Amino acid sequence: MTRSAITTPPPGATLPEPLPGAPAPGSPLGSHYSRCFGCGDRHPTGLHLSAVTPDGVTVTAEFTVGEAHQGAPGLAHGGVLAAAMDEVIGMSVWLFQRPYVTGRLETDYLAPVPVGTTLHLRAWCTGMSGRKAYLEAEGRAGAPDGPVAVRAAALFIEVGMEHFAEHGDAQAILAEHHEYEVNP
Ligand SMILES: CCCCCCCCCCCC(=O)SCCNC(=O)CCNC(=O)[C@H](O)C(C)(C)COP(=O)(O)OP(=O)(O)OC[C@H]1O[C@@H](n2cnc3c(N)ncnc32)[C@H](O)[C@@H]1OP(=O)(O)O
């Protein structure tokens, strides 16, 4: 991965440990929003990622490239592949039980990805420092040990839950996250 200094953990960054209450290894991670382009099952043309965590700190997921995801005829759009990287990284950082958003996402495209290909995605954290989490992801074509078609490195920034209510749709949050208080 040709990651930049911005997505490289600084000296002293720490690696996450599985937290109490983390999903059991192999158990599916839920969608954070049913209409999310990345993971929502109610999004008509989204990526429909469903993920599992093998160990409480990393995430694996599958994404099958569909007709709605093309750039060149018959090939996945690069922005859609970046979205898949963003989503699987977002799912992995969700394991830390604090809300984060993408600050920076760097993507390397190593091979074209034809429609119908299933990408086997994996995301992991390379370090945490204050509000910053440094993460990487890869997508392998056809099998978990298939050739790497896309790679990413990212800087995610921790925010308060109010970030989503202030800038987004508070009613939609309440409809899906019953544990969330808009005015705590
Ligand atoms: C209800 C359930 C929902 C659950 C929802 C779950 C959603 C997950 C979805 C997947 C993830 C996404 O797509 S999220 C959507 C895409 N991303 C976004 O919309 C984020 C838009 N950006 C922002 O809102 C803001 O810029 C923030 C929050 C990232 C940062 O603003 P801030 O809180 O004011 O903090 P700020 O001081 O600027 O930055 C903190 C530190 O991070 C550094 N920093 C910040 N951005 C960058 C950057 N791009 N490149 C380098 N460094 C950066 C700063 O230099 C600083 O370093 P230092 O000076 O401290 O050293």
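Q: In this predicted model, which element gives the most residues to the shell around the ligand?
A: Three elements each put two or more residues into that shell: helix 1 (78-94), strand 4 (100-109) and strand 7 (148-158). The top contributor gives four residues, and that's strand 4.

Q: Which residues come nearest to the ligand?
A: There are 19 residues around the ligand to pick from. Gly90 sits in the stretch of helix 1 (78-94), and Ile157 in that of strand 7 (148-158). Put the nearest ones together and you get Gly90, Val101, Gly103, Arg104 and Ile157.

Q: How many residues of the shell around the ligand are nonpolar?
A: The shell is a mix, with five polar and five charged residues in it. The rest of the split is nonpolar, and that count is nine.

Q: Which element gives the most to the largest nonpolar core?
A: That core holds 37 residues, and Ala84, Val88, Ile89 and Leu135 touch the most other members. Strand 3 (59-64), helix 1, strand 5 (118-129), strand 6 (132-141) and strand 7 each supply two or more. With nine residues, the top giver is helix 1.

Q: Which residues is Ile89 in contact with, leaving aside its neighbours within four places in sequence?
A: Ile89 is one of the core members that touch the most others. Skip those sequence neighbours, and its contacts are Ala123, Leu135, Ala137, Ala152 and Ala154.

Q: How far apart are the end C-alpha atoms of residues 74-142?
A: UniProt, in an unreviewed entry, puts the feature "domain: Thioesterase" on this span. In the model, the span is 25% helix and 46% strand. Its end C-alpha atoms lie apart by 16 Å.

Conventions:
Residues are numbered from 1 along each chain as its sequence is written. This is a predicted model: local features need pLDDT of at least 70, side-chain atom pairs count only at pLDDT 80 or more; totals for chains, interfaces and linings use all residues. A residue is near a molecule or strand if its C-beta atom, placed from the backbone, lies within 6 Å of it. Ala, Val, Leu, Ile, Met, Phe, Trp, Tyr, Cys and Pro count as nonpolar, Asp, Glu, Lys and Arg as charged, and the others, Gly among them, as polar. UniProt positions are given in the numbering used here, feature names are shortened, and annotations may be inferred rather than shown by experiment. A nonpolar core is a set of buried Ala, Val, Leu, Ile, Met, Phe, Trp, Tyr and Cys residues joined through C-beta atoms within 7 Å. A residue is buried if 20 or more other C-beta atoms lie within 10 Å of its own, exposed if 12 or fewer, and partly exposed in between; C-beta atoms are placed from the backbone. Two residues are in contact if their C-beta atoms, placed from the backbone, lie within 7 Å.
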